[in-house]
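Subject: Structure for your review

Dear colleague,

Please find below the structure I am handing over to you. My notes on it follow directly after.

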Amino acid sequence: MPMGPKSVVETPDMGITLSDGTRLSARVWMPEDAADNPVPAILEYLPYRKRDGTCARDALTHPYFASHGYACIRVDIRGNGDSQGVMTDEYSPQELDDAVEVIKWLANQPWCLGTVGMMGISWGGFNGLQMAAMDPAPLKAIITLCSTTDRFADDIHYKGGNLLNENLGWAGTMLSYSAMPPDPALVGDAWRDMWMQRLEAEPHLAETWLDHQHRDAYWKHGSVCEDYSAITAAVLTIGGWGDSYKNTVPALVENLSSPVKGIIGPWVHKYPHFAVPEPRIGFLQEALRWWDKWLKGIETGVENDPDLRVYVQDSERPKAQYEHREGRWATHDATRAEHKMLALGPNGLGEADGFTAIIDSPADTGMAAGEYCAIWLGPELPSDQRRDDAMSTVFDSAALEDDLEISGAPAVTLTLASDEPCAQIAVRLNDVRPDGTVARITYGVLNLTHRDSAEFPEPMPIGEPVVVTLKLDQIAYRLPKGHKLRLSISNAYWPLIWPSPTKTKLTLTAGSVDLPLLAETGDMTPFQAPEAAEPWQIKTLREGRNERKTILDQQTGETHLEIMDDFGEAEDLDHGLAAGGIAREWWSIHPDDPTSAKGRTHWTNTLRRGDWGVRVETYSTMVSDSETFTLTARIEAYEGDDLVFERDFEKTLPRNLV
């Protein structure tokens, strides 16, 4: 595999002791001559267990940068993996203060030049942006992937003021990850005391997140959109059309005054040098150009790259999983984009005219939406939309006379009235193909009580028409000549969002769609083919597999979604630790009763080496009536076959216009 000229030395457990005495564990790769020839440091700071959780991607990435003259530091956040302490929430002040200490510690090491970069995807992309906003002096540049500028509007908790079911799903993920012990091979006999300390302090984070149903100070913390000017570091921001975080890239490009460039590809929630669907890009080479410029002062020309490079996806027959997406790379300048306006009328999308349409969707509308955040590489993407459209109010254009290239965030304005004070809408822009299949181009959802403010929502006036505008997610997409454009509107979108407190009926009397068109800024230099370091060396003990099943119970009338992601089990051939995991989710609802909604998760994680072995089972559920949410969770920890710890959680929270 392509590597740089320098030989690399790896340290599996470098201790970083914080001011309160807590020891964080870092896995470090650096050039073997760094003591004599200091290098910049690149920090990746995560809770996802460097010893067994992120090994596959770490192996491909960090040694590559180290061989090109960087010290790469992968740190377990306090209370996770092999680091001491406990973690109480994501992006907490403690987490961010610890990161500032780590950055300053790195800059002061004899093998470091004093300049630091920060890189990460998802959690690591978030805290990288948050660190840039805190602006510690050594931090000169970041690369943030699949992250957000607004924790309330554009993360896994709420969208358009609606509660995302990912809120329960990801809380179940973290309940499992953070309940796992450190590796005794690194921390010695202290492993069990550290484990018990974590288990006793472990939060069910869904409780915390559901306790903040509006965009209050809790969500403003860590949302860099509160003050873009605080960021002075150079920012390379990357997203994927198959991911939930594509809106961040244009937001940063349009709002930062520091050096900033953006790339959006066809990918799900993965690094672009090994992401799906293809085409992949030479992400490591792009990143190296970024680091060389901003951490070493080498002229690489990155400042002359287009501000925003997007992959314009071609129309394809819709399916829940792609190996490759057809399309082309293009530059896009939103400030120069032309717009195409389409009105809603009695004959579909086209000319405005008087009409009345009733939106009264079954509560199980949305089963073809796919996962909010496609991450586990199973069949998670939006599938054929015909079933959902059959339960929605739709407006079709005439067959297109020419190709139509959309790039940006379409805006939809609707005049509608509700028969209930709390209601929701889901709006999809769809590609109606000549073969009869329907592909989702992009979408948006809105809790109508949040129509004017996410911080101070107000009930809908009963029966009174109001005008609402919502932006759909960013997209770059080409509709060919002969296809039709469809706007689909429903007042349910299960199981992506939790349903309204009561069954609702909306009356729609006017509307329009504002389509931003691709504005290319010139020819784009093609990306290089992906490079990487040697893959993680493992022995596969159990192959992974993914399942996603939709079931209609003919006896009860309920619709069920069952998801199973078996990550397999693998033994590290270097240190012998074998790790395995299985995630399961179940979602059910009756189409006539939004209060019948139920979500349930179950995670199993295992670690073993020789005669030593541990297993953690975590469970969580959520149900609601029209006035309250009820959350439950349970942790069971096993040493061998013996149950050594158990703990139950239960909390009821009032619904507050959600």
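The notes below begin with the chain as a whole and then turn to one sheet.

Please bear in mind that this is a predicted model. The protein chain contains 11 helices and 32 strands. Its radius of gyration is 25 Å, close to the 26 Å given by the globule rule for 658 residues, so the chain is as compact as a globular protein of that length. The C-alpha trace spans about 75 × 60 × 45 Å along its principal axes.

As to packing, 63% of the 658 residues count as buried. Among the contacts with a separation of 6 or more, 73% are between residues 24 or more positions apart. The accessible surface of the protein chain amounts to about 23,700 Å², and carbon and sulfur atoms account for 47% of that area.

One sheet deserves a separate description. It is open and consists of four strands in the order β16-β23-β19-β20, with antiparallel pairing. Strands β16 (393-396) and β20 (438-447) stand at the edges; each has a single partner strand, so one side of each is left without a neighbour in the sheet. On average, and with direction ignored, neighbouring strands of this sheet are turned by 15 degrees against each other.

Within this sheet, β19 (residues 424-432) and β23 (residues 484-490) form an antiparallel pair over seven bridges. One position to inspect in the viewer is Val-432, whose bridge partner in β23 is Lys-484.

With kind regards

How values were computed
Residues numbered from 1 in each chain as written. Predicted model: local features only at pLDDT ≥ 70, side-chain atom pairs only at ≥ 80, totals over all residues. Heavy atoms only, no water. Pairing = 2+ DSSP bridges. Helix = DSSP H or I, 4+ residues; strand = E, 2+ residues; numbered from the N terminus. Axes fitted to C-alpha atoms, helices over the stretch in contact; angles between N-to-C directions. Rg over C-alpha atoms; globule rule 2.2 N^0.38 Å. Buried < 20%, exposed > 50% of the residue type's maximum accessible area, 1.4 Å probe, protein only. Contact = heavy atoms within 4.5 Å. Areas by Shrake-Rupley, 256 points an atom, 1.4 Å probe, with all protein chains shown as cover.
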